[in-house]
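Here are my notes on the model, set out as numbered points so that each can be checked against the coordinates. Please read them with the structure open.

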Amino acid sequence: MQWNLLARGMASDGFEVEDVLAEPPADDESAAVARAARNLSAVVDPLARWARVREAVAAYSPDLIAVQELDWLSEAIGGLAALGYECGGSGAPPYAPPHTQLKPTPADEPPPLASYLAVLEASGRAFAPKVPSVCRQLKVAAGEASDAACDDGICLFWKSGAWEAAAPVEYCGSSNAAGRCRAHLRVRLRRIADGAPLTAVVAHLGSGSSAGAEALRLAELEAPTTLLAPHVLGEPRREVAGPSLLGCMREAVAANEPTLLCLDANSEPDRADRAAGSVWAAVRGVEGVRSVWEEWFDSSGAPTGAAAAQPVSTNKRRGQLSRQPAKVDEHACRLIDHVFYTAPTLALPEHAFGPVAFADEAAALAAPLPSLAVPSDHYPVVVDLLLQPAAEVGAEATPENGGLASGGEGAAAEEEE
């Protein structure tokens, strides 16, 4: 299961949503604005949304859950543990948000990258927030206490009875020109039943629909990262070069290592400007890497014609109440959430949810996200894949070769601002 959960700090950002209030329409503009705010609050109530997420997890029972925009990790750890999931950190102290350990760092001031990575590593959990994040800045601006206002980030959970960590989590860190620290995750797991290995890479690329934003995302795919070298007693931790996102996938293919890339790319395959390069084409251009969406799009991003309506993974529009002026009135109805995988070690993808498609823009606008039924501004991507034991790579893929669960019997599941 791959799912951008919509950070709580971003959920009240002026989304135009379905009217769910049992009260008459407002009589004037001022009252209408106040009513719209109440209506949005009802739709994005944090406890109700979190209950819906847990319902989806319980219904699909994925082996893996990769998420973006998670800014309630402590609550998520407990809630998903009750459903049989973990994100690492066994034996570690109770989770403490990184920003509380990097003091005295104001909400808008970045920490040193090495300090950031050291805090993530000490937690041992497969979670990497952006520090500082727009999410946390919005929370503090809205009056939330600085220590309580958590940054949002990416996370991987796995079924603790079916999988175990095969190595420490790798936090492949970087900082941008403004100094914001972030990381993509590389988590190596082992299936308890037969020892079969599986690696999951989780990431969230920058937002924006312009050609310039896409160019930045392409740079993110190849950007070098930093890891902390193994600890040597009595010596300071050293920074060493880490793999880029595409580097993770190239390494996996070269090593015949079954690997998933669970990605909110903020980029759709069939971008109008894709001839100049796209995230989709760059990832699909890595030999041996395939996508759960390739039935609908070829390796360049051109539609295959498999269906009259193309699948989408987000369907949202922000109104005048948004605190992000550049996104006001933009109808984002696109396929931007992806699960890529290495073949032939993983095979036979089948969608357990959706895919969702709309006949036209009017139909999409009539069913905006988030909603009471879908608790995020993204739909989940829930897919079943077969994990091929290394000895059987090259043989015909069958359910008997080893199923990876994301929804249903013998299945698996996946999912920034």
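The points below take up the cores, two helices, the open and closed spaces, and some local backbone features of this predicted model.

1. The largest nonpolar core comprises 58 residues, and within this core the members that touch the most other members are Tyr116, Leu156, Leu185 and Leu260. A second core, separate from that one, holds 21 residues, among them Met1, Leu5, Val67 and Tyr95.

2. Leu185 deserves a look of its own. Setting aside neighbours within four places in sequence, Leu185 is in contact with Ala126, Phe127 and Ala128, with Ile154, Cys155 and Leu156, with Val169, Glu170 and Tyr171, and with Ala200, Val201 and Val202. One of these partners, Leu156, is also listed with Leu185 among the core members that touch the most others.

3. Which residues of helix H4 are buried? In this helix, which spans residues 73-81, they are Leu73, Ala76, Gly79 and Leu80. Viewed down the axis of H4, the buried residues fall within an arc of 125°, and they therefore line one face of the helix. As a general point, an α-helix has 3.6 residues a turn, so residues three or four places apart point the same way. The cover over the buried residues of H4 includes helix H3 (46-60) together with strands S2 (64-70), S3 (85-86), S4 (127-129) and S5 (153-159).

4. Helix H7, residues 134-141, can be read in the same manner, with Cys135, Arg136, Leu138 and Lys139 as buried residues. Seen down the axis of H7, these residues fall within an arc of 160°, so they too line one face of their helix. I would note that the buried set includes Arg136 and Lys139, and that what covers the buried residues of H7 includes helix H1 (8-11) and helix H5 (98-101).

5. The two ends of H7 may be considered together with their loops. In the loop between S4 and H7 lies Pro132, and the peptide bond from Val131 to Pro132 is cis, with omega near -5°. After H7 comes Gly143, with a positive phi near 105°, and this glycine is found in the loop between H7 and S5. Gly143 counts as exposed because its relative accessibility is 62%, where exposed means over 50%. The C-alpha atoms of Gly143 and Pro230 are separated by 40 Å, the two residues being 87 residues apart along the chain.

6. Cys248 is found in helix H9, which covers residues 245-254. Is this cysteine buried or exposed? Cys248 is buried, since its relative accessible area is 1% and buried means under 20%. Not counting residues up to four places away in sequence, Cys248 touches His184, Arg186, Val201 and Pro243; of these, Val201 is also a contact of Leu185. The C-alpha atoms of Cys248 and Val283, which are 35 residues apart along the chain, are separated by 11 Å.

7. Two residues other than glycine have a positive phi and might be checked in turn. Asn256 has a phi of about 55°; Asn256 lies in the loop between H9 and strand S12 (259-264) and counts as partly exposed at 37% relative accessibility. Asp329 has a phi of about 70°; Asp329 is placed in the loop between strand S15 (314-317) and strand S16 (331-334) and is partly exposed, with a relative accessible area of 45%.

8. The second largest pocket contains about 270 Å³ of space. Its lining is made up of 14 residues, of which Gly14, Phe15, Glu16, Ala36 and Leu321 are the closest to the pocket centre. By class, the lining of this pocket divides into 7 nonpolar, 4 polar and 3 charged residues.

9. About 70 Å³ of space lies in the largest cavity, whose lining has 9 nonpolar, 2 polar and no charged residues. The residues that line this cavity include Trp293, Val312, Ser313, His351, Phe353, Pro355 and Tyr379. Pro355 is of further interest here, as a cis peptide bond with omega of about 0° joins Gly354 and Pro355, and this proline is placed in the loop between strand S18 (346-351) and strand S19 (356-357).

How values were computed: Residues numbered from 1 in each chain as written. Predicted model: local features only at pLDDT ≥ 70, side-chain atom pairs only at ≥ 80, totals over all residues. Heavy atoms only, no water. Core = buried A, V, L, I, M, F, W, Y, C linked by side-chain atoms within 4.5 Å. Buried < 20%, exposed > 50% of the residue type's maximum accessible area, 1.4 Å probe, protein only. Contact = heavy atoms within 4.5 Å. Helix = DSSP H or I, 4+ residues; strand = E, 2+ residues; numbered from the N terminus. Arc of directions from axis to C-beta. 1 Å grid on protein atoms, 1.4 Å probe; cavity = no way out; pocket = protein on both sides within 12 Å on 5 of 7 lines; lining within 4 Å. Points joined across faces, edges and corners; volume = space filled by probe spheres on them. Nonpolar A, V, L, I, M, F, W, Y, C, P; charged D, E, K, R; others polar.
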